[in-house]
Amino acid sequence: MATGACFQALTRDWSRWMAGEHTLDAEGLTGLLVGAVDVEPTPSGVIPLRLSRRSRAQEPTNAAMGVASAAAGVHVRVLTGASWIALKVKITRALPEGPDSREYPASFVAVVDGETAGRADLDEGDVIRMREDGIRLEAGDVSAVRFDLGRPRDGRARTVEIWLPHTAQVELYGAASDAPLSPAPSSATHWLHYGSSISHCLEADGPLGPWPQTAARNLGLRLTNMGLAGNAMLDPFAARTIRDVEADVISLKVGINIVNGDTMRARTFVPAVHGFLDTIREGHPSTPIVLVSAIACPIHEDTPGPTVHDGVRFRAARRSLDLDTGALTLAMTRRLLEQVAAERAATDPRLHFLDGLELLGPSDAERLYDDLHPDQKGYDLMAERFTALVRERADLATAFRL
């Protein structure tokens, strides 16, 4: 069940919140969502997505769409005089089984005028058990998550955000409150960020913990986080999604998943990066784009993938073949990304390069709790350094409209 002081979570008693109060159905909630690039209608509600729905038909394993349905960075944002807001939801979590598997809670966080006002951690809903012998679905309950926000001072409307779990799929059925909920106007610069699990940040402590969310709040930006755990593979459908989403500045953090999966060589990686950028430029001909290379990861700095898990930590596989010509290491991806940015500079002056080692370098490797992913302190450090770089580097400050 839920934990915390500023909310109530009810499994079967949604009707008590609906009676005589201001209500919205799933369609009404859709217009209040920030951070989703698409929504998937269901018989009773909607599921926010961070990839276009049409991507599903172009990806055979459903891995990318699976993580894109986790609501990282997605939140309901309203202007309201309400003293409480409740959401009717159903969460779905994928839980690997094994002695060293991590279980990530599904956390909702309420923010009022920029200040955190409450948190709910749920373990209800559907569970997808990922076992060695297959996948099993365990059906769970619908939840009502209520945040008690207190009475507004002088009766004025406040900007209220309810951030959805970054670790789970959320099906939204409706909302109730004791005052109308209206879209909150925003003049903030819209930042779209694409990346791997190190941008999705499943390990973070709640939906505000991922470093892109923290950096966006530091810089006063409106964020769409397209961090796709394990799936930043330069897929054409991801490029088309970014192409078709409005954005004022775009960042692309590339490299680690390509090496993790041993999915490309230098021969294919460089054209794939160019193609990804070309597709985005079809919809964003003059939007600033920041190409970001991988943070430090000692197991792959000079050793190619694939990455394997030994039950406790990640490591590079012991390859059975001699090193292939062009096999990618992280150090090589950084050099190639910088080369791509330099080659395009003459015709694409709004493309910028940022070395990921400036966000988390070799001396910070102790922050990689499993030798691959940062812990919360590591994500906080990345957010702090990214914020400083955007403020201090003239080209990035201009790109982010500071």
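Two strands pair if DSSP finds at least two bridges between them. Helices (H or I, at least four residues) and strands (E, at least two) are DSSP runs, numbered from the N terminus.

This is a predicted model, in which local features need pLDDT of at least 70 and side-chain atom pairs count only at pLDDT 80 or more, while totals for chains, interfaces and linings use all residues. Residues are numbered from 1 along each chain as its sequence is written, and side-chain values use heavy atoms, with hydrogens and water left out.

**Stop 1: the open sheet**

Select strand S19 (residues 289-292) together with S22: four bridges join the two, which run parallel. In this pair, Val290 stands opposite His352 in S22. Extend the selection to the five strands of the open sheet, whose order is S17-S16-S18-S19-S22, with parallel pairing. S17 and strand S22 (351-354) are the edge strands, each pairing on one side only. From one strand to the next the twist averages 15 degrees. (Axes are lines fitted to C-alpha atoms, for helices over the stretch in contact, and angles run from 0 to 180 degrees between N-to-C directions.)

Now add H5. This helix lies across strand S16 (190-195), S17 and strand S18 (249-253), and runs at about 160 degrees to S16. Contact here means heavy atoms within 4.5 Å.

**Stop 2: the second largest pocket**

The second largest pocket has a volume of about 330 Å³. Of its 19 lining residues, select the closest to the centre: Arg77, Glu161, Trp163, Arg217 and Leu221. Two or more lining residues come from each of strand S6 (75-80), strand S13 (158-163), helix H5 (211-219) and strand S17 (222-227). By class the lining has seven nonpolar, seven polar and five charged residues.

On a 1 Å grid over the protein atoms alone, a pocket is an open set of points with protein on both sides within 12 Å along at least five of seven lines, whereas a cavity is a set where a 1.4 Å probe fits but cannot get out; lining residues have an atom within 4 Å of a point. Grid points are joined across faces, edges and corners, and a volume is the space filled by probe spheres set on the points. Ala, Val, Leu, Ile, Met, Phe, Trp, Tyr, Cys and Pro count as nonpolar, Asp, Glu, Lys and Arg as charged, and the others, Gly among them, as polar.

**Stop 3: the cavity**

A search of the whole structure finds one cavity of 30 Å³ or more. Select Val76, Val78, Ile85, Leu87, Val160 and Ile162, which line the largest cavity. S6, strand S7 (84-96) and S13 each give two or more residues to this lining. The lining has six nonpolar residues, no polar and no charged.

**Stop 4: Thr116**

Thr116 is found in strand S9 (residues 115-122). Leaving aside residues up to four places away in sequence, Thr116 touches Val109, Ala110, Val111, Leu208 and Arg217. Measure from Thr116 to Ile162: the two are 46 residues apart in sequence and 9.8 Å apart in space, C-alpha to C-alpha.

**Stop 5: strand S14**

Eight of the nine residues of strand S14 (residues 169-177) are buried, so the strand is largely enclosed by the rest of the structure. Buried means under 20% relative accessible area, exposed over 50%, partly exposed in between (1.4 Å probe, protein chains only). Add strand S2 (residues 22-25), which four bridges join to S14, the two running antiparallel. Thr23 stands opposite Ala176 in S14.

**Stop 6: the whole chain**

Select everything: the chain has 11 helices and 22 strands. Buried residues make up 57% of its 402 residues.
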